[in-house]
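Let's take a walk through a protein model together, one piece at a time. Keep the 3D view open and turn it as you read.

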Amino acid sequence: MPKHSESMPRITRQEGGTRIVLGPGAVQDLRPLLRELGSTRPYLVTGPHLAGGPVGARVREALGDGLVGTYSQSRPHVPEATAEEVAEEARSRKADALVGLGGGSPIGTAKAAAFRLQEASGSIRGPGCFVAAVPTTYAGSEVTPVFGTTDLDRGRKSVVRSDPIRPRLALYDPELALETPPDLTASTGVNALAHCVEALYSKDAGQEERATALRAAGRILETLPRAVEEPRNLMYRYRMFEGSMEAGLVLAKAGMGVHHGLCHVLGGRYNAPHGVLNGIILPHAMRFNLPIAGKAYRELAPLLHVPSTRSGDAALGENVCQATSEFIRGLGLPQRLRDLGIAKADLPSIAAEALESKSVRANPRPVTVDGALEILLAAW
Ligand SMILES: [Fe+2]
């Protein structure tokens, strides 16, 4: 049994209703941690790949005979029918906690199902199920009160913010992330980076959130390429979880802007992975925000190894956007919307739909249809 206690100490925190536990082997404590929160009948929600592999087996073993069932068909962007099905299963098995295992989709599915159960119980405070989360990617959903569901017929993703569905436990075990493939590591890591960037120029972020966002961005920028290169390196997985956890926490406090708004519209329409869309949109959304993000980009510059310049904030900001784009390219992620098969002719209607997004409306630089289109054309 390797000793990790010095280089990877166990982290335990309480943040806005979420108990955070991070450390190698932490999954062994999943059952007692749930019990402390009042759950003796957890129901596991995950995707087919994890459910059928060693990660699912390890979590089921940790939950032991307390586990009342497993839903193993979570799907990207959480189709509404899936959330309904999970809520129904959890209700019929008298589950008292929904444990989302995996990335943003299974954790989002657990949240969406819990939201339905809490609504159906007539009281948002219970007696429905609470949510717990065991992430294996860097999407951050495990510490936020936000989830999206998708109406597949209309190709529309709706994003809901509801404090009662914020996970009461976020358990990060880097050993469970060793199986996460490099492309998913890269795309969800860029999603975490985008949470930091949007927090840095958010109107709702205070001094403390900005400091956390910068620290998390630094950790992600330093570690992500290494974690992609060496997916089975436990230390890199540990550091990425430190970064993505703090990125998720700032997202929970500071909210999102035009970048996430566009990613949500595109994800709902084309069923493209959220992380991949993040990699395509982020540098262009950052460029759009250049006029209001001088301070944010000055702070990001050293983390991206962008030298200071005497030509002013605009030149430095442009170099920061460029360096972000190169960082993403270095991870081997797609860089163009056309790579996902999205037609140029669709862009105006995507831009129009984006203006309905709360995140787009919350962007610190006001976004018009033309502004949204400018970002989409640049990303196409
Ligand atoms: Fe995100």
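The protein chain comes in two parts, domain 1 (11-177) and domain 2 (182-379); bounds like these come from an automatic or database domain assignment. Before going on, note that this is a predicted model, where local features need pLDDT of at least 70, side-chain atom pairs count only at pLDDT 80 or more, and totals for chains, interfaces and linings use all residues. Residues are numbered from 1 along each chain as its sequence is written.

**Where the two domains meet**

Taken over C-alpha atoms, the centres of domain 1 and domain 2 are 25 Å apart. How many residues of domain 1 are in contact with domain 2? It's 27 residues of domain 1, touching 27 residues of domain 2; "in contact" says that the C-beta atoms of two residues, placed from the backbone, lie within 7 Å. On the domain 1 side, strand 2 (18-22), strand 7 (146-151) and strand 8 (156-161) each chip in with at least two residues. Strand 8 gives the most to that side, with three residues. Sorted by class, the side of domain 1 that touches domain 2 has 12 nonpolar, 10 polar and five charged residues. Here Ala, Val, Leu, Ile, Met, Phe, Trp, Tyr, Cys and Pro count as nonpolar, Asp, Glu, Lys and Arg as charged, and the others, Gly among them, as polar.

Strands and helices have numbers here, so a word on those: helices (H or I, at least four residues) and strands (E, at least two) are DSSP runs, numbered from the N terminus.

**A sheet of seven strands**

Now look for the open sheet: seven strands in the order 1-2-9-6-5-3-4, with mixed pairing. Two strands pair if DSSP finds at least two bridges between them. Why is one side of strand 1 (11-15) and of strand 4 (69-71) left without a neighbour in the sheet? Both stand at the edges, each with a single partner strand, so there is nothing in the sheet on the other side. Ignoring direction, neighbouring strands of this sheet are turned by 20° against each other on average. Angles here run from 0 to 180 degrees between N-to-C directions, and the axes are lines fitted to C-alpha atoms, for helices over the stretch in contact.

Here are four of the parallel pairings, each with a bridged residue pair or two to find in the view.

| Strands | Bridges | Residues opposite each other |
|---|---|---|
| Strand 3 (42-45) and strand 5 (97-102) | four | Pro42 and Ala97 |
| Strand 5 and strand 6 (130-135) | six | Val99 and Ala132 |
| Strand 6 and strand 9 (169-172) | two | Ala133 and Ala170 |
| Strand 2 and strand 9 | four | Arg19 and Leu169; Val21 and Leu171 |

Is strand 5 mostly covered or mostly open? Strand 5 is mostly covered, with six of its six residues buried. "Buried" has a cut-off: 20 or more other C-beta atoms lie within 10 Å of a residue's own, while 12 or fewer makes it exposed and anything in between partly exposed, with C-beta atoms placed from the backbone. Strand 9 is covered on both faces, with Leu169 and Leu171 buried on one side and Ala170 and Tyr172 buried on the other.

**Helices against the sheet**

Helix 3 (residues 54-63) packs on the sheet, where it touches strand 3, strand 4, strand 5 and strand 6, and its direction makes about 175° with that of strand 3. Helix 5 (residues 104-120) lies across strand 3, strand 5 and strand 6, at about 160° to strand 5. Leu117 sits in helix 5. Leu117 counts as buried because it has 21 other C-beta atoms within 10 Å. From C-alpha to C-alpha, Leu117 is 34 Å from Ala186, and the two are 69 residues apart in sequence.

**Two helices further along**

Helix 8 (residues 234-254) has 21 residues and reaches 30 Å from its first C-alpha to its last, close to the expected 30 Å. That expected span is 1.5 Å times one less than the number of residues. In helix 8, 17 of the 21 residues are buried, so the rest of the structure largely encloses it. Just after helix 8 comes Gly255, with a positive phi of about 80°.

Helix 9 (residues 258-270) has 13 residues and spans 18 Å, close to the 18 Å expected. Helix 9 is mostly covered too, with 11 of its 13 residues buried, including His259, Leu262 and Cys263. Asn271 follows helix 9, and its phi is positive, near 55°.
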